[in-house]
Amino acid sequence: MANKKIKQIAIYGKGGIGKSTTTSNISAALVEAGYKVMQVGCDPKSDSTNTLRGGKYIPTILDTLREKNNVKLNEVVFEGFGGIYCVEAGGPAPGVGCAGRGIITAVQLLKQHRAFEELDLDYVIYDVLGDVVCGGFAVPVREGIAEHVFTVSSADFMAVYAANNLFKGIQKYSKSGGALLGGVIANSINAPYAKAIIDDFVHQTKTQVIEYVPRSVTVTQAELQGKTTIEAAPHSEQAAVYRRLAEKIANHTESKTPSPLDVKELREWAAKWADHLLALETGEVRSPAAAI
């Protein structure tokens, strides 16, 4: 079926927030459900697809291109868990050049080789570093390569700050055919106040939470084995959460332009929550959202 619509999704999040963990488990759940999936790691650390390949690193597109001009698909596309196609864009040598170049080069190379059509894919998932929405990292949004963007965020201020910055980028390019926001994947949400903070943030920015993912030791155990939770602990409660998330992303059709807060609004919003958490701790208020 040459003309089937491939769904392209970008998942952003600040470094260390669990975006690669989340992305790999979404890919694993989709492939388990019978879809053909490619995961493109767009972080210079090149470790997005590790847990799909037993903890093993794969040659990156940029490294391979540095060694030779003519690169074949099978030199940069590797199969992982359940037949997931794994690609790492890679980055420049440390301290040299722009890390976003990897994404631009990777996208060009995959297009040139008609990789998505050749491999008859249903989903292409870009795992993108979201600390800085600079030129290269903004490519999946700016060029509208990805149809839907999701961001992984915890209730920590820096994660919310990075998500809000991403929203600014999406808003900026939304009028010229850029990708739109599907919503927030709320990660490491265990305490009631954490859920309340994320819920309030998505309310303020006119978006939505796609799924709440609790912090779980199952994930740590799986990753220490170089595996996703879906592979290492398929019957766990955490695997069920990832399957639910993958299903929601698979069924997601309508993305929107978010309404980011400006810096002053974001600081005021954060300060309110800081006062509120202090009140919670000292027992002045009982429920997370009572005083907001």
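## Pockets and overall build of a predicted chain

The second largest pocket is lined by Q8, V107, L110, K111, R114, A115, F116, E117, Y126 and I145, and helix 3 (101-112) and helix 4 (115-118) are the elements that give two or more residues to this lining. The structure is a predicted model, and the points below take up its two largest pockets, then the chain as a whole, and finally the residue Q39.

**The second largest pocket**

- The space that lies in the second largest pocket comes to about 160 Å³.
- When the residues of this lining are divided by class, 6 are nonpolar, 1 is polar and 3 are charged.

**The largest pocket**

- The largest pocket has a volume of about 460 Å³, and of the 23 residues that line it, I17, S154, N187, S188 and R215 are the closest to its centre.
- At least two residues of the lining of the largest pocket come from each of helix 7 (192-204), helix 8 (217-224) and helix 10 (237-251).
- By class, the lining of the largest pocket is made up of 10 nonpolar, 10 polar and 3 charged residues.
- As background to both pockets, rolling a probe the size of a water molecule over the atoms shows where empty space is left.

**The chain as a whole**

- The chain contains 11 helices and 8 strands, and its radius of gyration is 19 Å, close to the 19 Å that the globule rule gives for 292 residues, so the chain is as compact as a globular protein of that length.
- Measured out along its principal axes, the C-alpha trace of the chain spans about 65 × 45 × 40 Å.
- Of the 292 residues in the chain, 53% are buried, while the accessible surface comes to about 13,400 Å², with 51% of that surface belonging to carbon and sulfur atoms.
- If one takes the contacts between residues at least 6 apart in sequence, 76% of them join residues that are at least 24 apart.

**The residue Q39**

- Q39 is found in strand 2, which covers residues 37-42, and this residue counts as buried because its relative accessibility is 0%, where buried means under 20%.
- Leaving aside neighbours within four places in sequence, Q39 is in contact with T23, S24, S27, S48, T49, L52, I84, Y85, C86, V87, I125 and D127.
- Although Q39 and E88 are 49 residues apart along the chain, their C-alpha atoms are separated by 8.3 Å.

Methods
Residues are numbered from 1 along each chain as its sequence is written. This is a predicted model: local features need pLDDT of at least 70, side-chain atom pairs count only at pLDDT 80 or more; totals for chains, interfaces and linings use all residues. Side-chain values use heavy atoms; hydrogens and water are left out. On a 1 Å grid over the protein atoms alone, a cavity is a set of points where a 1.4 Å probe fits but cannot get out, and a pocket is an open set with protein on both sides within 12 Å along at least five of seven lines; lining residues have an atom within 4 Å of a point. Grid points are joined across faces, edges and corners, and a volume is the space filled by probe spheres set on the points. Helices (H or I, at least four residues) and strands (E, at least two) are DSSP runs, numbered from the N terminus. Ala, Val, Leu, Ile, Met, Phe, Trp, Tyr, Cys and Pro count as nonpolar, Asp, Glu, Lys and Arg as charged, and the others, Gly among them, as polar. The radius of gyration is taken over C-alpha atoms; the globule rule is 2.2 Å times the number of residues to the power 0.38. Buried means under 20% relative accessible area, exposed over 50%, partly exposed in between (1.4 Å probe, protein chains only). Contact means heavy atoms within 4.5 Å. Accessible areas come from the Shrake-Rupley method with a 1.4 Å probe; for residues, only the protein chains shown count as cover.
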